[in-house]
Amino acid sequence: MRRRLAAGNWKMNGSRAALAEIAALAEAFPAPASEIVLCPPATLLAPAAARAEGTALRLGGQDCHAEPRGAHTGDIAAPMLAEAGAAYVILGHSERRADHGETSAQVRAKAAAAQAAGLTAIVCVGESLAERDAGETLSIVGAQMAESIPEDATAEALVLAYEPVWAIGTGRTASSAQIAEVHDFMRAELTRRFGAGTGDGVRLLYGGSVKGANAAEIFATSNVDGALVGGASLTAADFGPIVAALEAAEA
Ligand code: PEP
């Protein structure tokens, strides 16, 4: 049984005032069946962890370096995220692939570093609109998976997020049929590469304009174990209904 997961990506948003959202979310879901994770900016990780202590909420980073320490100005190592209170780290988000030219090989090295630090990596894959229109969705996702996932990945250390680039922050959501096609493909690829145990155990999230209004339909889709949510994770008022839909799907 895969435990469902709702992960919120605050991106470069939020100040200390936003920590109140963490308290509100934790209060709304004191004992969730699914897992709830918030990934605030790195500067808020430690105070967010303090705010989440004793609650069911877990925290994550938004990136890490592939090395555990060293001369890498401005970067954050996976053990540092763990020490600050993170249990998860988002890796290979399309915004990092676009803004920082991050390659799948780099994502794979970062995922290995995350695993070594005891973090669960949420590795993001997904096609651009041009790639979808060219009929290349599955080959792009397959290649990103092959190149971004470490050889010794485990169901505990890896979560995969399918995030079609054209659906992120656009208000445009992939249809259930489009999501099911990709998620079924991802499940089959994982099972082919890692065998039934790990292949069945890795959780698959959908990400791309998930809101309270469309969450239930998305969570009822084949091989969808939860969501990676950007804009709608910034407040408890918006994220709460998504978590509630996940809890209803869990029941
Ligand atoms: C994301 O950034 O991972 C994301 C899915 O964003 P949004 O929910 O805002 O589309």
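Two strands are said to pair if DSSP finds at least two bridges between them. In this predicted model, strand β1 (residues 5-9) meets that description with strand β8 (residues 226-229), to which β1 is joined by four bridges. The two strands run parallel, and A6 has A227 of β8 as its bridge partner. A further pairing links β1 to strand β2 (residues 35-39), again in the parallel sense, over five bridges. Here A7 lies opposite V37 of β2. Between β1 and β2 the chain passes through helix α1 (residues 19-28), and the resulting β-α-β crossover is right-handed.

The surroundings of β1 were examined next. Five of its five residues are buried, a state that corresponds to under 20% relative accessible area; the strand is therefore largely enclosed by the rest of the structure. Side chain directions alternate along β1: L5, A7 and N9 point one way, whereas A6 and G8 point the other way, and all are buried.

Helix α7 (residues 137-148) was considered separately. This helix comprises 12 residues and reaches 16 Å from its first C-alpha to its last, close to the 16 Å expected at 1.5 Å a residue. Its buried residues are T137, V141, G142, Q144, M145 and S148. Viewed down the axis of α7, these buried residues fall within an arc of 165°, so they line one face of the helix. The elements covering them include the helices α4 (94-99), α5 (104-116), α6 (129-133) and α8 (176-201), together with the strands β5 (120-125) and β6 (158-162).

Methods: Residues numbered from 1 in each chain as written. Predicted model: local features only at pLDDT ≥ 70, side-chain atom pairs only at ≥ 80, totals over all residues. Heavy atoms only, no water. Expected span 1.5 Å × (residues − 1). Buried < 20%, exposed > 50% of the residue type's maximum accessible area, 1.4 Å probe, protein only. Arc of directions from axis to C-beta. Contact = heavy atoms within 4.5 Å. Right-handed = clockwise from strand over helix to strand, strands pointing away.
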